[in-house]
Structure formats: C-alpha cells, structure tokens
Amino acid sequence: MDAFERMKQRYEAGDVPWDDPLPPPEVMDMVAKLPAGRALDLGCGYGRSAIYLARHGWQVDAVDFIPAAIAEARRRAKVAGVAGRIRFHVASVAELGFLEPFYDLAIDVGCLHALTDEDRVGYRNGLVRLLPAGSWYLLFARLRSPETAVSQTDETNSPRGITRDTVLELFGQEFTLVKATEGITHVPDGPSWASGWFWWQR
Ligand SMILES: C[S@@+](CC[C@H](N)C(=O)[O-])C[C@H]1O[C@@H](n2cnc3c(N)ncnc32)[C@H](O)[C@@H]1O
C-alpha cells in the first residue's frame with residue numbers, strides 16, 4: 001500500500017492522533033515572535049496550524065493530499081471565522097508549482113518524514129522557490145537512525161521517518177539552521193519515537 005492510500009485509510013478510520021484544536025507550542029511560539037504575513041502549511045491535516053495562523057492575522061495557503069482532511073479543515077476554518085484568510089489545496093507537497101512566491105513562513109508538522117526520497121527533493125525545491133531570504137521554515141519530523149529509515153512504515157503504522165543527516169543535507173545549502181531540538185514523541189494510545197524540531201531561516 002502506498003503512503004497516500006495508507007493515510008487515506010487512517011483518516012477514514014478516525015486514526016488521526018494529531019487531531020487537536022491547537023498546534024504544537026513550537027508553532028504558537030513562532031507565531032508570537034513574527035509579524036503577520038504569508039504562511040504555508042505543508043501537510044496541513046485538519047488545519048490546526050493554518051487556522052491558528054489565520055486567527056493571528058496571517059494569510060495562509062494550506063496543502064494536504066487527502067481530500068477528506070482538506071474538507072474538514074475548510075469546515076473548521078469556516079467555524080473559526082477565518083475561511084477568508086486560508087486557501088486550502090488538495091495537492092502533493094512534492095509539487096508546489098501551483099503556488100506563487102513569496103511566503104514569510106512555512107510550517108511542516110509531521111509531513112516531510114513520510115515522503116519518498118524523490119518527493120523530498122521536489123518538496124525542497126518548492127520551498128527554495130517560494131521562500132525569500134529572511135523567511136522561516138519550521139519543521140517537525142520523526143527522526144530515524146540510518147539503518148531504520150528505509151522502510152515505508154512499520155507495524156505501528158508510524159511514518160517512515162528521516163535521518164538527522166538527511167534533513168541537514170536537504171536544507172543546509174539554502175537555509176541556515178538557527179535552532180534544533182530533539183526529543184521523544186509519545187503518540188496517544190500509540191508508539192513513542194525519536195523526533196526533532198528544526199528552525200530554518202532562508
Ligand atoms: C502527521 S499528519 C499532521 C497534520 C498537520 N500538520 C497537523 O499538525 O495537524 C501529516 C499530514 O501530512 C499529509 N501528507 C503526507 N504526505 C503528503 C504529501 N505527499 N502531500 C501532501 N500532504 C501529505 C497527510 O495527509 C497528513 O494530513
């Protein structure tokens with residue numbers, strides 16, 4: 001089963017442990033520190049980061065390849081009264097050619113780590129085109145060791161993960177790593193895995 005089909009089935013089954021009204025504190029801190037501008041939410045799911053950004057005055061483009069996730073995100077944005085500030089797109093984050101530069105901030109909470117090697121390159125090239133000098137890219141990803149980063153998923157249905165070195169290689173040429181933290185993510189009623197936050201500046 002490919003990543004799209006697996007994710008589609010998760011949404012259909014209600015297996016969406018990231019469904020929370022608020023984004024992670026790292027996202028809220030970033031929003032508190034930056035003036036409102038244009039933001040991109042990559043793999044937006046039900047839109048918690050996009051909606052939070054819009055509530056704080058940002059204009060947001062939010063992308064996810066699961067139509068049911070985008071439909072629900074649109075509904076939630078309407079309920080929150082911010083539908084006019086968010087454009088939701090059913091699309092792959094590996095093919096962002098339909099978006100117009102420039103953005104002040106791109107956020108990815110848990111999407112990059114699910115991509116194939118080829119899709120990561122398309123994603124990176126999209127970000128390089130869309131983010132101007134001085135803009136920010138905040139990334140949260142499952143971190144794997146090189147030995148275990150190859151399988152698509154595992155028996156716990158967790159994302160395939162990405163190695164720290166791959167993250168640094170992918171973005172290190174075009175972005176400056178301002179800060180990185182690593183820890184353990186505990187999925188409610190699920191597995192625990194190593195993860196990292198990366199604050200990149202273009
Ligand atoms: C772990 S969820 C996190 C959702 C959201 N960022 C949040 O924090 O609530 C990852 C999301 O990335 C989306 N995704 C994974 N691969 C994608 C791709 N190639 N293109 C677009 N979306 C993708 C999934 O459909 C899913 O909604």
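Helices, meaning DSSP runs of H or I with at least four residues, and strands, meaning runs of E with at least two, are numbered from the N terminus in what I am going to say. With that in place, serine 135 can be put in the loop between α5 and β5. Before I go on, please keep in mind that this is a predicted model, in which local features need pLDDT of at least 70 and side-chain atom pairs count only at pLDDT 80 or more, while totals for chains, interfaces and linings use all residues. Residues are numbered from 1 along each chain as its sequence is written, and side-chain values use heavy atoms, with hydrogens and water left out.

Let me stay with serine 135 for a moment. At 3% relative accessibility it counts as buried, where buried means under 20% relative accessible area, exposed means over 50%, and partly exposed lies in between, computed with a 1.4 Å probe on protein chains only. Setting aside residues up to four places away in sequence, serine 135 touches Tyr103, Asp104, Trp200, Gln201 and Arg202, and contact here means heavy atoms within 4.5 Å.

Now to helix α5 itself, residues 117–130. This helix has 14 residues and reaches 20 Å from its first C-alpha to its last, close to the 20 Å expected at 1.5 Å a residue; the expected span is 1.5 Å times one less than the number of residues. Its buried residues are Arg120, Tyr123, Gly126, Leu127, Val128 and Leu130, and what covers them includes β1 (38–42), β4 (105–109), β5 (136–142) and α6.

How do α5 and α6 (residues 164–171) lie relative to each other? Their axes come within 10 Å and cross at roughly 40°, the axes being lines fitted to C-alpha atoms, for helices over the stretch in contact, with angles that run from 0 to 180 degrees between N-to-C directions. The two helices are therefore oblique to each other, given that angles under 35 degrees count as roughly parallel, over 145 as roughly antiparallel, 65 to 115 as roughly perpendicular and the rest as oblique. At this contact, Arg120, Tyr123, Arg124 and Leu127 in α5 meet Thr166, Leu170 and Phe171 in α6.

Also in α5 is arginine 129, which is partly exposed, with a relative accessible area of 36%. Its C-alpha lies 7.0 Å from that of proline 101, although the two are 28 residues apart in sequence. Beyond its neighbours within four places, arginine 129 is in contact with Leu96, Gly97, Leu99, Pro101 and Phe102. Proline 101 and phenylalanine 102 are themselves joined by a cis peptide bond, with omega about 0°, and phenylalanine 102 sits in the loop between β3 (86–90) and β4. As background, most peptide bonds are trans.

Turning to helix α3, residues 48–55, 7 of its 8 residues are buried, so this helix is largely enclosed by the rest of the structure. Those buried residues pack against α2 (25–33), β1, β2 (59–64), α4 (67–79), β3 and β4. Just after α3, glycine 57 takes a positive phi of about 95°.

My last stop is valine 187, in the loop between β6 (176–186) and β7 (192–201), which counts as buried at 17% relative accessibility. Its C-alpha and that of proline 17 are separated by 6.7 Å, with the two positions 170 residues apart along the chain. Leaving aside neighbours within four places in sequence, valine 187 is in contact with Pro17 and Trp193.
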